[in-house]
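Here is a friendly walk through a protein model, from its core to its pocket and its charged pairs. Keep the structure open beside the text as you read.

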Amino acid sequence: MREIKRIGIITCGGDCGGLNAVVKSVTQTAHSMGVETLVVPNGYAGLYNLIDMEAPVVLTPARVDSIDANLAGSEAGHSRVKISKIKDPDKYRKIRDGLNKFNIDGLVISGGDDTGSVMVDLAERGISCVHVPKTMDLDLQPYSVGGDSSLNRIARFTEELKTTGLSHNRIMIVEVFGRYVGHTAFRGGVGAEADCILIPEIPVDFDEVYRHMKMRYMQRVERSDVKAGTYTIVVSEGITDAKGEHIYDEAAGVDAFGHRKLSGAGRYVRKQLEQRMNTDPEIREFMKKKGFYVPGVYELPEIREVIPGHLVRSGHSSAFDVNFGKEAGAAAVRLLLHGIDGITVVKVRGRKIYYMPTKDAIKQRLVDLNIVSLFEQQGICFGREPVPYEAEFMSVEGELERHL
Ligand code: F6P
C-alpha cells in the first residue's frame, strides 16, 4: 500500500446524477482505511486556485453525512477548465504547491472526456490521480455515472408530454443534451416510447421523418373515437442534416473548455416538418375530414419543440447511479492506495476492481447502429429508411457476469 493520508476530491465538466454518491463513497471508504478527504472546490478552477485558498472543506464523518447521495449535482462543485489552456507558465507548479500546501497525496477526479484528458495531463506530470467516469452523455468507453439518471428523466419528461400533445393534437419535439452522440436521446426516447428518435450517428432524412410522422399521426386520429392524436420526436442536440452537417445556432458561442454550445436542433426539425406539411394538400384535407379545420385560423396540426436543457441532469439521481457511484468511488480509493493511478475505474465485480488507461476510457463511444435496427423493426423512425436487424446467435458458456 502506498502512503496516502489525504485525498482531494474533484468533480469537473457538466454536473449530473450520482456524483454525490461518488463524493460520499470516496470519503467513507477513505475513512474506513484511516485516510482523510477534502473537497477541491469547483473542478479544475479550484485546483488551479488551491494555493490561494485558506481552508478547503475537510469531509469529516459528520460533514459527509450531510450530503444526500440521491441528489444530482455535486457537493464539490464544477467548472469547465482545461488546465493546459491557462495562460500562466507557472500553472503546474502552482497546482503542485496547492496540493502540497494541504498535504493532498492523491486525487479522485470524476468527469467526462474533457476532465479525463486533463487528468492524463496531470498524471503525466507526476500527480497521483484516479478517474471516476462521469457524464450524462454516456460517450465514454465504460459506463459513466449520471447516464442512467438523465435518460430516466428524458424518458419521464417525454412520456409526460404526450398528455398535452394528445389534448391539442400536436406533434411534440423534445431536444435533449448529449453532445455529439445519441445515447441519451436513443435510450430516453425508447424508454418513453417516442415515435421518432434523431441521433447524431444517423444523418437525418427529413422526407423519411415526415412520411412516418404523417402516417402515424393520421392513424392515431383516425382510430380515436375523440379524434385525438399526437406524435413524439426526441432529438439529440448534436444531430446532422442529410449531408452530415451539424445543425446548431452559431450565435450560441463556445463554453469555457472551448466546445461549441449546441442549440437549435429542435427548432430545425420543426421547421423541416412544417415546410413539408405546408405544401402537402392531404393534411388540410385530413383536417377537414376530421372536423378540426378552421380556415385561416387552424389549418394544420401544430408542431412544438420543448427543450428541457439542464433539467435532464438536475434533480434526483437514479438508484442505479447511486449504486454505481458508490462502487466506483470505493474502487477509486482502493486503486489510489494500491499505487494504481493515471487510470479510469470501469466496474467492480465481486472482489475484482476493473480499470483501464484513461486515454482509452475517454475515446468517444457511439450508439451501436445494430441495436438501432432492432428498434426500427419495432416501428420507431430514426430518420432513415429502416435497416434490417441481422441477428447472430450466441450460447453463453459457464457463469454469467452479474450486472450489479
Ligand atoms: O457534457 C454534458 C452536457 O450536459 C452536454 O450534454 C451538453 O451539451 C453540455 O453538457 C451543456 O453544458 P453546460 O452545462 O456547460 O451548458
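## Cores, pocket and salt bridges

In this predicted model, the largest nonpolar core holds 51 residues, and Ile-7, Ile-199, Val-345 and Phe-382 are the ones that touch the most other members. Helix H11 (residues 319-337) supplies the largest share of this core, with eight residues. Residues come from both domain 1 (6-145 + 317-361) and domain 2 (152-313), so this core lies between the two domains. Another core lies apart from it; this one has 28 residues, including Cys-196, Val-221, Tyr-231 and Met-287. As a general background, nonpolar side chains tend to be buried together in soluble globular proteins.

Next comes the pocket. The largest pocket has a volume of about 550 Å³. Its lining is made up of 30 residues, of which Arg-80, Asp-137, Arg-179, Glu-237 and Arg-313 are the closest to the pocket centre. Sorted by character, the lining residues of the largest pocket comprise 13 charged, 10 polar and seven nonpolar. And where does the largest pocket lie? Domain 1 (6-145 + 317-361) and domain 2 (152-313) both contribute to its lining, so the pocket lies between them.

Now for the charged pairs. The model has 25 salt bridges by the rule used here. Three of them are set out below, each with the distance between its closest N and O atoms.

| Acidic residue | Basic residue | Closest N and O atoms |
|---|---|---|
| Asp-255 | Arg-80 | 3.7 Å |
| Asp-280 | Lys-214 | 2.9 Å |
| Glu-299 | Arg-284 | 3.2 Å |

Take the pair of Asp-255 and Arg-80, which form a salt bridge. Asp-255 sits in the loop between strand E7 (231-236) and helix H9 (265-278), while Arg-80 sits in the loop between helix H3 (61-65) and helix H4 (91-101), so the pair ties together parts that are 175 residues apart in sequence. Are the two partners buried or partly exposed? Asp-255 has a relative accessible area of 14%, under the 20% limit, so Asp-255 counts as buried. Arg-80, at 25% relative accessibility, is partly exposed. Arg-80 is also among the residues closest to the centre of the largest pocket, and a network of salt bridges links Arg-80, Arg-179 and Asp-255.

Lys-214 and Asp-280 make another salt bridge. Lys-214 belongs to helix H8 (residues 206-223) and Asp-280 to the loop between H9 and helix H10 (281-290), and the two are 66 residues apart, so this pair links distant parts of the chain. Lys-214 and Asp-280 are both buried.

The remaining pair in the table is Glu-299 with Arg-284. Here Glu-299 lies in the loop between H10 and strand E8 (303-306), with Arg-284 in helix H10, 15 residues apart. Glu-299 is partly exposed at a relative accessible area of 23%, and Arg-284 is partly exposed at 22% relative accessibility.

One last stop is a glycine. Gly-126 is located in the loop between helix H5 (113-124) and strand E4 (129-133). With a relative accessible area of 63%, which is over the 50% limit, Gly-126 counts as exposed. Along the chain, Gly-126 and Gly-342 are 216 residues apart, and their C-alpha atoms are separated by 9.2 Å.

Key: Residues numbered from 1 in each chain as written. Predicted model: local features only at pLDDT ≥ 70, side-chain atom pairs only at ≥ 80, totals over all residues. Heavy atoms only, no water. Core = buried A, V, L, I, M, F, W, Y, C linked by side-chain atoms within 4.5 Å. Buried < 20%, exposed > 50% of the residue type's maximum accessible area, 1.4 Å probe, protein only. Helix = DSSP H or I, 4+ residues; strand = E, 2+ residues; numbered from the N terminus. Domains from an automatic or database assignment. 1 Å grid on protein atoms, 1.4 Å probe; cavity = no way out; pocket = protein on both sides within 12 Å on 5 of 7 lines; lining within 4 Å. Points joined across faces, edges and corners; volume = space filled by probe spheres on them. Nonpolar A, V, L, I, M, F, W, Y, C, P; charged D, E, K, R; others polar. Salt bridge = Lys/Arg side-chain N within 4 Å of Asp/Glu carboxyl O.
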